[in-house]
Amino acid sequence: MRRLMYFLPLVGLLILGGFFLKGFELNPRELPNMLQGKQVPDFDLKPIKGRDDKGFSSKDLQGDVSLVNIFGSWCVACQVEHPFLMAVKERNLVPIHGIDWREQDPDAGPEWLRKSGDPYTLVGDDPLSKAAIAFGVTGAPETFLVDADTVVRYKHIGPITPEVWKETLWPLIQELRKQ
Amino acid sequence: MKTLLVTLLMALTALPVLAVEPSEMLKDPAKEARAREVSIALRCVVCQNQSIDDSNAQLARDMRILVRERIEAGDSNQEVLDYMVSRYGDFVLLEPPVKGTTYALWFGPLVIVGLGVVAVVAFYRRRLRAVAAGGGGTQAASVPLSDDEEKRLAALMEDAES
Amino acid sequence: MITEVGHFALVLALMVAGVQAVVPIVGAHRGNAAWMAVGRTSALTQFVLVSIAFAALIHAFMTSDFSVLNVVRNSHSDKPMFYKISGVWGNHEGSMLLWCLILAIFGGAVALFGRNLPPTLRARVLGIQALISIGFLGFVLLTSNPFDRLIPAPENGQGLNPLLQDPGLALHPPFLYLGYVGFSIAFSFAMAALIEGRVDAAWARWVRPWTLAAWGFLTVGIALGSWWAYYELGWGGWWYWDPVENASFLPWLAGTALLHSAIVVEKRNALKGWTIFLAIVAFAMSLLGTFLVRSGVLTSVHAFATDPERGVFILVLLMVYIGGAFVLFAVRGPALKAGSLFRPVSREGSLLLNNLLMTTGAGVMVLGTLYPLFLDALGGGKVSVGPPFFNAAFVPIMIPMVLVMALGPFMSWKRGEALATCKRLWPALALAVATMAGVGAVMGAGSPLALFGLGLAAWLFGGSCLELFQRIKLFHAPFSESLGRLARVPRATWGMTMAHIGLAVFIVGAVGSSTWMVESIQVMKTGDTVTVAGFDYTFHGARTFRGPNYEATEGTFTVTRGGEEVVTLKPEKRIYPVQGRPTTEAAIHTMVLGDLYAVIGDEDKGGGYVTRLYFNPVVAWLWLGSALLVLGSLASLSDRRHRVGAPVRKAQAEQAS
């Protein structure tokens with residue numbers, strides 16, 4: 001019995017090591033989607049320059065499956081996913097709405113979209129993170145999949161890659177459309 | 001690797017300098033004090049282990065402004081905290097709530113102290129038993145000194161004396 | 001060319017470490033003196049080789065050799081020379097090389113000063129040191145090579161994070177590593193003792209100076225980091241319970257426990273298995289700290305480069321060294337004979353209680369620091385464990401410890417008298433009550449816990465002083481005799497008294513600065529006056545100027561109290577164009593009862609400046625207390641009995657006779 005006690009530190013260390021190994025697979029910054037299965041938060045955003053006719057509000061999401069993409073002209077990773085969003089738009093696969101987040105200069109977002117292409121159906125301006133905080137966003141880009149009844153079905157953190165699209169988003173979109 | 005890169009890119013927004021700006025502060029000192037209290041309890045979600053009160057990350061600033069707007073609109077401190085938790089989860093609270101997933105955290109220290117006390121008590125009792133049984137006692141080393149070591153020891157003692 | 005020499009020296013050092021890890025240990029096993037002697041020469045050779053490598057890297061930074069990738073990433077030709085040099089360890093690769101250098105320094109020191117160690121013990125200690133060296137030299141060469149070239153070389157470097165361009169933070173890592181790595185010696189001694197199957201008073205006496213030195217360095221390192229946070233981060237805080245801060249505090253707690261339990265081994269030949277265990281744990285905590293900072297499993301504001309490959313490598317090192325040590329402990333530990341008896345109420349008993357509280361405190365810190373990881377790994381979601389938890393869980397454990405700290409030194413060995421000891425301490429109790437009443441009368445009774453904390457500090461201070469008075473028979477013998485006795489007080493005792501008083505002083509600083517801090521944030525225009533804690537700050541405007549590698553905005557405040565000028569404060573806000581990042585340089589005027597602390601921020605549209613003015617009460621006591629802790633360790637180190645190489649097998653001598 002007493003001899004066994006001397007093995008306790010070893011056992012403790014092994015357990016700790018197991019947790020650390022597991023820890024390598026986890027991302028401490030990736031927060032869970034608190035809105036999963038819930039209504040999108042209420043928001044009503046002003047238009048960005050150059051799209052002065054219409055802003056973007058939560059009511060616009062009613063009636064169709066859509067993606068809500070939080071982006072900013074300052075965000076490097078957004079430029080990574082941008083060509084892919086353009087491709088989705090060109091093939092008319094699903095409407096993508098944009099929330100232009102935290103632009104220091106109100107011209108920067110519109111300027112970027114004008115230069116590199118605009119994949120968004122509707123865009124709202126969110127300079128003070130009102131909508132971003134309501135969605136529980138920590139960084140750009142983040143993308144929310146919203147169904148026709150404005151219920152949030154999925155959150156993707158980071159750029160949308162072809163793999164993410166093929167394996168997760170597109171199957172989910174098709175499934176939601178069937179319902 | 002890709003996720004790491006993204007994490008790094010997303011992390012670049014954090015700067016550990018100057019936090020609350022005078023322009024954000026509420027006119028009413030009582031409400032401002034409440035806003036500070038709430039801000040200190042909320043974690044800046046992009047800068048790891050800083051409260052939004054301490055951080056000048058932009059998101060932290062926007063959260064501070066939101067906290068103040070909600071307090072102005074008549075929310076209680078708890079309601080503001082609840083709102084933030086409904087968006088970011090328990091992660092946003094620097095003081096984790098006491099609930100199923102955190103019992104081990106909050107009661108763990110009691111268990112650790114308890115185990116320590118039990119171990120020490122067991123140590124004393126075992127030693128007492130050993131004495132009662134005539135063992136234990138005061139023998140020192142498990143290996144006695146060799147002749148060679150005795151000589152070295154004697155030499156050292158002389159060294160120390162002189 | 002010099003860079004290649006450094007790289008080559010490092011590879012050679014790894015090979016030498018390979019020899020040093022095998023030959024002396026085998027020699028000790030076979031009783032072959034020549035083989036054992038290899039340990040000494042190879043440890044010194046290793047030290048020379050790693051020094052050459054480190055000097056080569058310093059040379060690359062000093063000459064701004066931008067064909068070296070590490071220099072490009074972390075230096076810039078505009079940087080002042082001091083920060084070019086400190087940039088060597090201001091990054092992951094260079095800091096790991098520093099780690100290896102310190103490991104080699106300690107190994108060389110054992111080889112050089114360990115002449116009086118039994119040859120087998122010295123051979124085994126050096127062999128185990130070399131095993132550790134192999135791991136870390138391999139880590140540097142395989143995953144974090146600071147000598148990698150970048151061809152073609154760019155025009156200039158990317159510069160060093162401006163926050164790191166600061167004297168406090170330039171010196172923080174070397175001291176921290178001297179502490180972390182210093183515990184490797186205690187670890188190696190513990191391993192050697194387990195292999196030899198002998199732990200005795202002489203062993204404890206050999207281990208103690210190394211542990212004291214490591215502990216003193218670690219204390220300096222932690223205090224420097226805390227001091228830096230206080231004056232650089234710009235809001236007057238000095239400790240945040242951040243995972244990386246906790247990672248440096250954990251080995252400190254374990255090391256403190258080890259220092260105290262080693263006393264019991266030395267004086268009473270008891271607690272041997274426990275002391276061996278603590279020696280392993282202290283080094284384990286050092287490795288854990290290194291792992292946490294560099295692996296990214298708990299990301300934090302301080303994290304260095306986080307790369308999974310490096311994280312896995314350090315995890316493997318942690319598991320191999322500590323796992324191996326625990327296996328050896330499990331196999332050989334039970335054979336260590338229990339030492340002499342003592343009662344719970346005795347000097348040993350109080351030291352054991354210190355150990356219990358220190359280790360449970362460390363356990364609680366591990367739990368809190370790693371809990372987000374535990375929960376996430378088990379699928380329980382994400383939580384944050386912040387200061388409220390640590391204040392609620394850790395501080396209560398420290399309260400009984402401080403209470404007993406005043407009592408312990410009064411107790412006699414083996415069997416003490418609780419009641420008699422308490423009676424002797426009545427002046428300390430009176431001092432504590434008077435402190436609580438006095439501070440309560442001035443500051444109000446609004447913070448009873450803070451008053452209690454100050455009372456505790458007074459109790460500890462009083463108790464430590466009384467113990468010294470009793471030792472020199474002050475008031476119980478003619479004054480001249482007391483003076484004579486004072487001169488003969490052993491330095492180790494002075495060390496204890498200083499360190500304990502240092503902790504009391506530290507507690508005053510910690511309690512006072514976190515309870516009664518006054519803050520005022522506002523926009524000020526030239527000529528405006530703001531009153532903070534009775535001090536009137538008048539703003540005289542700001543000017544901009546260029547520093548060597550930054551642009552600064554400097555504000556001027558005169559501070560008066562009751563119309564009398566106290567000081568002129570000139571805080572700066574700097575922008576480092578290479579990185580485009582701002583830093584704040586707070587202006588601080590330190591007084592016994594508190595610091596005046598001013599920070600200047602951005603200019604607002606109306607021509608005023610954002611200013612942050614603080615009164616940080618008794619904050620200087622934190623650094624004074626830390627300095628006393630370090631002085632205590634130095635005093636103890638200088639004690640004749642602790643001088644490295646002067647061990648006396650006293651217990652054995654008694655035993656043998």
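Start with the whole of chain C: a compact globule of 657 residues would have a radius of gyration near 26 Å, and chain C has 27 Å, which agrees. That radius is taken over C-alpha atoms, and the globule rule is 2.2 Å times the number of residues to the power 0.38. This is a predicted model, in which local features need pLDDT of at least 70, side-chain atom pairs count only at pLDDT 80 or more, and totals for chains, interfaces and linings use all residues. Residues are numbered from 1 along each chain as its sequence is written, while chains are lettered from A and ligands numbered from 1 in the order in which they are written.

**Chain C overall**

Keep chain C selected. Its C-alpha trace spans about 85 × 75 × 60 Å along the principal axes. Colour by secondary structure to find 21 helices and 10 strands. Helices (H or I, at least four residues) and strands (E, at least two) are DSSP runs, numbered from the N terminus. Of the 657 residues, 59% count as buried. Buried means 20 or more other C-beta atoms within 10 Å of the residue's own; exposed means 12 or fewer, partly exposed is in between, and C-beta atoms are placed from the backbone.

**The cores**

Next, select Cys100(C), Ala186(C), Phe189(C), Ala279(C) and Ile280(C). They have the most contacts inside the largest nonpolar core, which has 271 residues. Such a core is a set of buried Ala, Val, Leu, Ile, Met, Phe, Trp, Tyr and Cys residues joined through C-beta atoms within 7 Å. Now show helix α8 (residues 201–232) of chain C, which gives the most to this core, with 20 residues. Zoom in on Cys100(C). Leaving out residues up to four places away in sequence, Cys100(C) touches Val50(C), Ser133(C), Phe136(C), Leu137(C) and Val140(C). Contact here means C-beta atoms, placed from the backbone, within 7 Å. Another core, of 22 residues, lies apart from the largest one; Val523(C), Phe535(C), Phe557(C) and Ala586(C) are among its members.

**The sheet**

Select β1, β10, β9 and β8 of chain C. In that order they form an open sheet of 4 strands with antiparallel pairing. Two strands pair if DSSP finds at least two bridges between them. β1 (518–524) and β8 (587–591) are at the edges with a single partner strand each, so one side of each has no neighbour in the sheet.

Follow β1(C) to β10 (residues 609–617): 7 bridges pair them. Ser520(C) stands opposite Leu613(C) there. At the other edge, 5 bridges join β8(C) to β9 (residues 594–603). His589(C) stands opposite Leu596(C). A hairpin of 2 residues joins β8(C) to β9(C).

Just past β10, pick Val618(C), in the loop before α20 (620–637). Val618(C) is not a glycine, yet its phi is positive, about 40 degrees. Val618(C) is buried, with 22 other C-beta atoms within 10 Å.

**Where chains A and C meet**

Show both chains. Here 18 residues of chain A contact 24 residues of chain C. On the chain A side, α1 (2–5) and α2 (8–25) each give two or more residues. The largest share, 9 residues, comes from α2(A).

**Two cis bonds**

Finish with two peptide bonds. Ala140(A) and Pro141(A) are joined by a cis bond, with omega about -5 degrees. Pro141(A) sits in the loop between α5 (130–135) and β6 (142–146) of chain A. In chain C, a cis bond joins Ile151(C) and Pro152(C), with omega about 0 degrees. Look for Pro152(C) in the loop between α6 (119–143) and α7 (167–196).

Note on methods:
Contact = placed C-beta atoms within 7 Å.
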